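This report introduces a protein structure to a reader who has not met it before. Please look over the sequence and the structure shown here before reading on.

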Amino acid sequence: MKNNCQDCEGLGYFTDVISTGLSNPNDPYHEPHTERCDTCQMFDDDQKAHEHLMATSWSYAIKEHIKTGLESPTPYKVIPYKNGIGIKKIEFIKPIKSPSYSQPATRHAWRVFLYLALQPVVVPR
Ligand SMILES: [Zn+2]
């Protein structure tokens, strides 16, 4: 499932895209996200590219699960296996006195940490 597109090197998508110049401060595209390649249009839209990666890349899927877990009303940690293939366990994060996970800044820092901890990403070919 590769093409000859020069822009995306035949993958059809870009990961960890950070958008600039967004007018809405709550736009989810301020966060690193996946976008389809508009040059070759291998995927119908950004969501389709995201779904493809969720289904084919454990490293991508785990990062997404971690993000979802930390953003959940009852935050939880997703702990992958050491080899990065699959999820070993999920731990609920109890409300902590200080520093608090309910602080958006702390939560964001956590997310960035976990995000980087799971690099490098193995991109499916
Ligand atoms: Zn492309």
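The sections below describe the overall fold, the nonpolar core, one helix and three individual residues.

## Overall organisation

The structure is a predicted model. The secondary structure of the protein chain consists of three helices and four strands, and from the N terminus these elements follow the order β-β-α-α-β-β-α.

The protein chain has 125 residues, of which 13% count as buried. Among contacts with a separation of 6 or more, 38% join residues that are 24 or more positions apart.

## The nonpolar core

Six residues make up the largest nonpolar core: Leu11, Tyr13, Phe43, Ala49, Leu53 and Tyr60. In soluble globular proteins, nonpolar side chains tend to be buried together.

One member of this core is Ala49. When neighbours within four places in sequence are set aside, Ala49 is in contact with Gly12, Tyr13, Thr34, Glu35, Arg36 and Phe43. Tyr13 and Phe43 also belong to the largest nonpolar core.

## Helix α1

Helix α1 covers residues 46-56, and its buried residues are Ala49, His52 and Leu53. Viewed down the axis of α1, these buried residues fall within an arc of 95°, and they therefore line one face of the helix. An α-helix has 3.6 residues a turn, so residues three or four places apart point the same way.

The buried residues of α1 pack against three elements, namely β1 (13-17), β2 (33-36) and α2 (58-71). On the face of α1 turned away from the buried side are the exposed residues Gln47 and Ala55.

## The loop between β1 and β2

Ser19 is located in the loop that connects β1 and β2. This residue is partly exposed, because 13 other C-beta atoms lie within 10 Å, a count between the limits of 12 or fewer for exposed and 20 or more for buried.

Leaving out residues up to four places away in sequence, Ser19 touches Tyr29 and His30. Ser19 and His33 are 14 residues apart along the chain, and their C-alpha atoms are separated by 8.7 Å.

## Two residues with positive phi

Most residues other than glycine have a negative phi. Glu9, which is not a glycine, has a positive phi near 55°. Glu9 is placed in the segment before β1 and counts as partly exposed, with 13 C-beta neighbours inside 10 Å.

Asp16 likewise is not a glycine, and its phi is positive at about 55°. Asp16 is found in strand β1. With 13 C-beta neighbours inside 10 Å, Asp16 is classed as partly exposed.

How values were computed. Residues are numbered from 1 along each chain as its sequence is written. This is a predicted model: local features need pLDDT of at least 70, side-chain atom pairs count only at pLDDT 80 or more; totals for chains, interfaces and linings use all residues. A nonpolar core is a set of buried Ala, Val, Leu, Ile, Met, Phe, Trp, Tyr and Cys residues joined through C-beta atoms within 7 Å. Two residues are in contact if their C-beta atoms, placed from the backbone, lie within 7 Å. The arc is that of the directions from the helix axis to the C-beta atoms.
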